[in-house]
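Here are my notes on the model you sent over. Have it open while you read, and click through the residues as they come up.

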Amino acid sequence: MLQPLVIGLGRSGSGLHLKTLVRLARRTAATGDPLVVLPAVGCDPCADALRPVGLPGEVTAVTTLEQALQHVDPATAVVHVCTPPRLRYDLLAELAGHGFRRMIVEKPLAASADELDALIRLRQETGLELMTVAHWITSRLAGRLRRLVSGGRLGPLRHITVDQHKPRFLRSLATDGHPSALDVEIPHSLALALDLAGPAELRSAHCWDLRCEDRGLPRLGGAHIELEHRSGVVTLLRSDLGAPVRQRSVVCEFEGGTATAHFPLSEDDDHAQLVIAPFDGGTAAPPAGILDADGVPGIGHHVFRDDALTDFLDGAYRGFVSGARGVGNFPLACATARLLCAAREHCAVTSPARAGSR
């Protein structure tokens, strides 16, 4: 079994990782297959002021890495790096110096091409098992989309459009961890697009400002990215962080129809939805909600549970326990980070779009 050390107790570290790890520890212990050792250790300079997570004894909060080392053994620990992407290399190098080798890093993996290259060298020199959080990729919904792409029921994939919209005024005003909207939601959808359609080149990218009352936050209002994949697929990623409503949807347009995927919007509900519609209106497929023998979803409206982050961490920990090298998603994380770096550079030299533009 492995013990978690979560560094950075903001929304991601405390609200997502620690809660999910406690839930995963309880679930695997109840089935007689314990995977996660509690207490999980949360490390943040402001840890003393944070609301406790879990029951007594399930989480220990500390304010420094030196204190954390009194509660965890690097040889049996998994470090969850949930700090902002800036200067991430220094933290990972320090952790490696203390003997930590298993690490799960929040997206994006790096904030610049130089930092990414340095992380690649660090991983090679120290033998790090480094994964980036990519629960969209390992979700049941993404699995069904992959089977649609490979199964050919609707013909070749032609176009992907991803919409990730939510009102993010309060967090953007209160923190400065993300320099632009490219670093908030886009990494999830970018990795998914690469997973579904293969390697890609950047066609265009732009960000716009977030405005509320008399304040404006540069490049935090939203972002668009357009990609051209080597497979011929074209992808458009859209994220509006000033939207009045939430949306997490992926539309895959095939030669013979569409698949519209809706990811769960928050931890309030863990159900995903998938709507498959042929252009010709045909029904020569299994009834709605049914998978064929190869697991390919039929035409119609599918609703199913999809607790993607819990399943992702379950798979990550089992991969670490197995001791097999290369079980993570590092190549995909690197490809995603490089495209994000290209998008940042593109936005830096182009004029920003009108505030609130989608």
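1. First, a word on terms: contact here means heavy atoms within 4.5 Å. This is a predicted model, so to speak: local features need pLDDT of at least 70, side-chain atom pairs count only at pLDDT 80 or more, and totals for chains, interfaces and linings use all residues. Numbering runs from 1 along each chain as its sequence is written, and side-chain values use heavy atoms, with hydrogens and water left out.

2. Start with Ile160. Leaving aside neighbours within four places in sequence, Ile160 is in contact with Ala193, Leu196 and Ala197, with the run Val233, Val234, Thr235 and Leu236, and with Val250, Val251 and Cys252.

3. Those contacts lead into the largest nonpolar core, which has 46 residues. A nonpolar core is a set of buried Ala, Val, Leu, Ile, Met, Phe, Trp, Tyr and Cys residues joined through side-chain atoms within 4.5 Å. Buried means under 20% relative accessible area, exposed over 50%, and partly exposed in between (1.4 Å probe, protein chains only). Ile160, Val250 and Cys252 have the most contacts inside this core. Helix α8 (residues 186-197) gives the largest share, seven residues. Helices (H or I, at least four residues) and strands (E, at least two) are DSSP runs, numbered from the N terminus. Apart from the largest core lies another, of 30 residues, with Leu95, Ala96, Leu109 and Leu116 among them. As background, nonpolar side chains tend to be buried together in soluble globular proteins.

4. Is Cys252 buried or exposed? Cys252 counts as buried because its relative accessibility is 0%. On cysteines in general, the count of disulfides comes to zero, a disulfide being a pair of cysteine sulfur atoms within 2.5 Å. Take Cys46: the closest cysteine sulfur, in Cys43, is 11 Å from its own, so that is too far for a bond.

5. Where is the empty space? One cavity of 30 Å³ or more turns up, and the largest cavity has a volume of about 140 Å³. The rule: on a 1 Å grid over the protein atoms alone, a cavity is a set of points where a 1.4 Å probe fits but cannot get out, and lining residues have an atom within 4 Å of a point. Grid points are joined across faces, edges and corners, and a volume is the space filled by probe spheres set on the points.

6. The largest cavity is lined by 17 residues, and Thr132, Val133, Pro187, Ala191 and Thr336 lie nearest its centre. Helices α5 (135-138), α8 and α10 (330-348) each supply at least two residues of this lining, with the largest share, five residues, coming from α10. By type, the lining divides into twelve nonpolar, four polar and one charged. Here Ala, Val, Leu, Ile, Met, Phe, Trp, Tyr, Cys and Pro count as nonpolar, Asp, Glu, Lys and Arg as charged, and the others, Gly among them, as polar.

7. Stay with α10 for a moment, where Ala348 is found. Ala348 counts as exposed because its relative accessibility is 57%. The C-alpha atoms of Ala348 and Ala205 are separated by 9.9 Å, with the two positions 143 residues apart along the chain.

8. Ile120 is found in helix α4 (residues 113-126). Not counting residues up to four places away in sequence, Ile120 touches Phe330, Cys334 and Arg338. Ile120 and Phe330 are 210 residues apart in sequence, yet 9.4 Å apart in space, C-alpha to C-alpha.

9. The loop between β5 (102-105) and α4 holds Ala111, which is partly exposed at 27% relative accessibility. Beyond four places in sequence, Ala111 is in contact with Pro85, Cys341 and Arg344. Pro108 lies in that loop between β5 and α4 too, and a cis peptide bond joins Lys107 and Pro108, with omega about -10°.

10. Please check two more backbone spots. A cis peptide bond joins Leu38 and Pro39, with omega about 10°; Pro39 is found in the loop between α1 (11-30) and β2 (40-43). Arg219, in strand β9 (residues 215-229), has a phi near 65°, a positive value in a residue other than glycine.

How values were computed. On a 1 Å grid over the protein atoms alone, a cavity is a set of points where a 1.4 Å probe fits but cannot get out, and a pocket is an open set with protein on both sides within 12 Å along at least five of seven lines; lining residues have an atom within 4 Å of a point.
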